[in-house]
Amino acid sequence: MIFSGAAKGAGVLILAILAAVAIFLLVNAWPAISTPTDELSESVHWIKEGDSLLDYVGPLVFGTVLAALIALIIATPVAIAVALFISHYAPRKLAQIFGYVIDLLAAIPSVVYGLWGALWLMPQMFPVFEWLSEYLGFIPIFQGPAASPPRTILTAGIVLAVMILPIITAVSREVFLQTPTLHREAALALGATRWEMIRMAVLPFGRSGIISAAMLGLGRALGETMAVAMVLSPGFVYSFFILQAGQQQNIAANIALKFPESSGLGVNVLIFTGLVLFAITLLVNMIARWIVSRRAEFSGAN
Amino acid sequence: MKRIRYGRIAALVTASAVALTACGSDPETSSGSNNDGGSESSLSGELAGAGASSQESAMNAWRSGFGSANPDVTVSYDPAGSGAGRTQFGEGAVAFAGSDAVMDDEERAAAKEACGSDAIHLPLYISPIAVVYNLEGVDNLQLSPATIAGIFNQQIKKWNDPKIAADNPGASLPDQAITPVNRSDESGTTENFTEYLAATAGEAWPHEPSGDWPVGGSQSAQGTSGVVQTVEGGQGTIGYADASKAGNLGVAKVKVGDQFVEYSAEAAAKVVDASPKVEGGPEHDLAIELQRDTTAEGTYPIVLVSYTIVCSDYTNAKANMAGKGELVKALVGYIASKEGQEASAGAAGSAPISDALRADVEAALEAMKV
Amino acid sequence: MATVQTPPSVELSSPGLTRGKLPRYAPVVLLVLSFAAVGGLFAALGSFSVPLTVFLGIILYAVVILVVTTFVEGARAARDRLATTLMYSAFGLAVVPLVSLLWTVLENGLERFNGYFLTTTMRGVFGGMDAGGAYHAIMGTLEITAFATVISVPIGMLTAIYLVEYGPKSKLGRGITFFVDVMTGIPSIVAGLFAYALFVLFFGPGVRMGAAGSVALAVLMIPVVVRASEEMLKLVPNELREAAYALGVPKWLTIVKVVLRTAAAGLVTGVMLAIARVIGETAPLLIVAGVVDSANFDLFEGRMMTLPVFVYGQYTQGLAPPGPDSIITINYDRAWAAALTLILIVMVLNLIARIIARIFSPKTGR
């Protein structure tokens, strides 16, 4: 009884913490919301004259989602494949080492990913981007000229992808390993090839795990501050040009860059952007939940 | 059986934790000069400051020098940014603040409330800003203010533009795109650079001075080190950065009057002396209005001046400021001294203040009540 | 079992029980041949490059193996081979950046990584001085993260138990699951601001202390702990629980002795991931734990340095001004060495956790 009470209490405590964070955000963002538009751009000098709060936040939301989407599109398939490789393809001894290394990589601070992105990745990316803009430039998103150095949203997306890859991999691998041995052996006994076994036994079993792993990765990609701040030349327009510099910016990086020198209403505006980021993740999670719930619940055996 | 094993693990963890805490030490840096032990300082206590990150390197040197003369005083400085420094000073959370900009009226009022007296600005950190570039085959680049403005406003797009050629007679300039690089974070460096452009470039620079870069769609990076890295990483790039951090990059000479001046510490200190004080401040407030469009010979006008903000009277100060007057006075006295200014020049590449300015600062300290 | 689909019908027309089979060495030979073909083509054209050869070589190999296997072994085996190829190349693709990252950190970090660096603070170090280390930052990171773990693991784990064992269908349970998901989206910088605002209430403006950093990290850590633990607890087969109930074991004892033990390895991985998620956080610690250059062991008094902030701080200082005894790149060197230190700390923590997990978890057939 005490045990179940403690468990329930912990759950309620989490709700309380979350409520406290949300209330704090709202209270601190309120001055920015309640100030009329013309007064806002007058007292916060980095808001263009005549722009409302939403005009300012819009491009930031766009940039945040774009960077996170690029990262997710690149990272998820690779991460699932790597997780399958480690759990079902690699020799068992090697698999343990790989698993260990992946766990380790999940812990590298984002500052280091930023350093690596700026110092190592950037020079490697330039020829690729130049090639893309030259031969695929007719596709609007690849329109050139490719920026030199390539401090663009695509680079940021790739760095984010590398960053969330270990997280998605680690969680999905753990889930894949939990596939009941009976399911797998049954599939193999029926004459399935290894790939068919994975498709019929492992993937359906791990689906909700994969989605929550991807959400975990997305959460980190959406809120990532330092790595983005270090590899992206920010801009504030709705722009799909992922090879050009100074087009998009991510909310968290914007807060980090502006916060130290801000005061008064500027801080309130930045906290409002934090609130918006919060709302985005809420939306994303709701969508993910909906996707999961369309499938039958798959908890334990039976 | 199992219990014993847990016990062992716990013992191991505790032992290693104890071992870890026992083996740390402070480095033995012998650079502090006066360790003669004869004139033991009577000062002791803790002193906290916060503010501009531009001053961080210099402040490290000052704290080190001050600390070796006053071993019982612990000075800390949080490089949280000018705005944060002024806010914390206004809350009474720190006893002094570093700031790249002068306080506005609201902040002055808050500071007055916290200090119980007027707060004053002391310009103790002067850092030249260099226009750095990375262009193969060009070692000597001269630029007039209007050309710099044109480049950073993205109006001049090629290195062989006639306007650049006019500033560099006889130089062979490549037909290459210019990539201007600016700071992506809000910073005092950007504010001072745009102030310079607004004052000197005329119509070529249509933007207001601001700590936030006003031109969109450009390459930008966080912090001085980010800008330097980006300029290094690209081809045909140009940016602005603290002169001491320029590394191997080319540094452009800037046109002042009829001459092209290379940055130097003396030339930077000169422009501060040539500038008038901000009017309407309290007595001994040394906030200055930098004369960016000076034509005086041998001055280098692109400088960042960072202030140390202190109370003029600590007797009624609140919160963390209370009773810190004596320590602040001693610290600022050291910073303004020749020794202190040389220490920061060595550590941060700043320009030592002139004797005239030092006399003003000493007068202000003389008048400070503790 | 319900979701297992019926396998595709076996081709009845196939002659005999066994089809032709490629020899074991065939894939390797084909791969080498593909690389050779692409590499040779590039060399003949005079523009040889390793990454491009590898990239196109693998594509060529995938096509060749698909065609060859289809003819010799049949379509299903061909799909299997293609999947295997994809798995291996995805792994290769993932390994390149990750290895280069580790390599960069090792290469740049080893230079300064020594006993002196680990046991010295930055007190009195400035400019290009050849001195100073990360001792204060290491202690700060260990203490702040440990305290954050102490706060968040009990809360997170108990919540996960509640969600899986007690209230999976209840309104409260569904509400908590939903809001925990929302909580994973709190940007780290916002968590820092929240912790700051909270501590200002109690300690007045300008507060900086390690414990505030722990609270910020705990806010970030709790949802990760809950999500990971929940996922792992869900995977414990219901048969085990039912077997325990059938033996008359009370529910709480079943959870402690059966469910938690079965899931132990996964739970430890989850907690390690959560620690990994926060140990490298920079932004919130910059705001609430502050920056200091000497060691401070008291979580509740004064500023505390942490490794990520140290890395960031050294990086932003950039090049040191040139001088007679000055090492110009000293700040970058320290940043890399500190990054290496952080990775090593995580590695040691990981090892300890794995050993503990092995002791706790029951022996399984896996």
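Here is a short chat about a predicted model, covering a helix pair in chain C and the contact of chain B with chain A.

Student: Hi! How do helix 8 and helix 11 of chain C pack, angle-wise?
Tutor: Helix 8, residues 210-234, and helix 11, residues 264-279, pack at an angle of about 155 degrees. Their axes are 8 Å apart.

Student: Roughly parallel or roughly antiparallel, then?
Tutor: Roughly antiparallel, because angles over 145 degrees are counted that way.

Student: And is the crossing left-handed or right-handed?
Tutor: Helix 8 of chain C passes helix 11 of chain C in a right-handed crossing.

Student: Which residues meet there?
Tutor: From helix 8 of chain C, they include C:Leu217, C:Leu220, C:Val224 and C:Met232. Among their counterparts in helix 11 of chain C are C:Gly266, C:Gly270, C:Ala274 and C:Arg277.

Student: How many of the residues in that contact are nonpolar, polar or charged?
Tutor: The split is twelve nonpolar, three polar and one charged.

Student: Switching topic: how many residues do chain B and chain A put into their contact?
Tutor: Chain B gives 26 residues and chain A gives 21 residues.

Student: What area gets buried there?
Tutor: About 1800 Å² is buried between chain B and chain A, with 44% of that coming from carbon and sulfur atoms.

Student: Which residues of chain B lose the most area?
Tutor: B:Glu186, B:Gln219 and B:Gln222 do, and together they make up 32% of what the chain B side buries to chain A.

Student: How many salt bridges are there between chain B and chain A?
Tutor: The count is one.

Student: Cool, what does A:Lys258 pair with?
Tutor: A:Lys258 forms a salt bridge with B:Asp212, and the closest N and O atoms are 3.9 Å apart.

Notes
Residues are numbered from 1 along each chain as its sequence is written. Chains are lettered from A and ligands numbered from 1 in the order in which they are written. This is a predicted model: local features need pLDDT of at least 70, side-chain atom pairs count only at pLDDT 80 or more; totals for chains, interfaces and linings use all residues. Side-chain values use heavy atoms; hydrogens and water are left out. Axes are lines fitted to C-alpha atoms, for helices over the stretch in contact, and angles run from 0 to 180 degrees between N-to-C directions. Helices (H or I, at least four residues) and strands (E, at least two) are DSSP runs, numbered from the N terminus. Angles under 35 degrees count as roughly parallel, over 145 as roughly antiparallel, 65 to 115 as roughly perpendicular and the rest as oblique. A crossing is left-handed if the near helix is turned anticlockwise from the far one by less than a right angle, and right-handed if clockwise. Contact means heavy atoms within 4.5 Å. Ala, Val, Leu, Ile, Met, Phe, Trp, Tyr, Cys and Pro count as nonpolar, Asp, Glu, Lys and Arg as charged, and the others, Gly among them, as polar. Buried area is the accessible area (1.4 Å probe) that two parts lose on being put together, summed over both. A salt bridge is a side-chain nitrogen of Lys or Arg within 4 Å of a carboxyl oxygen of Asp or Glu.
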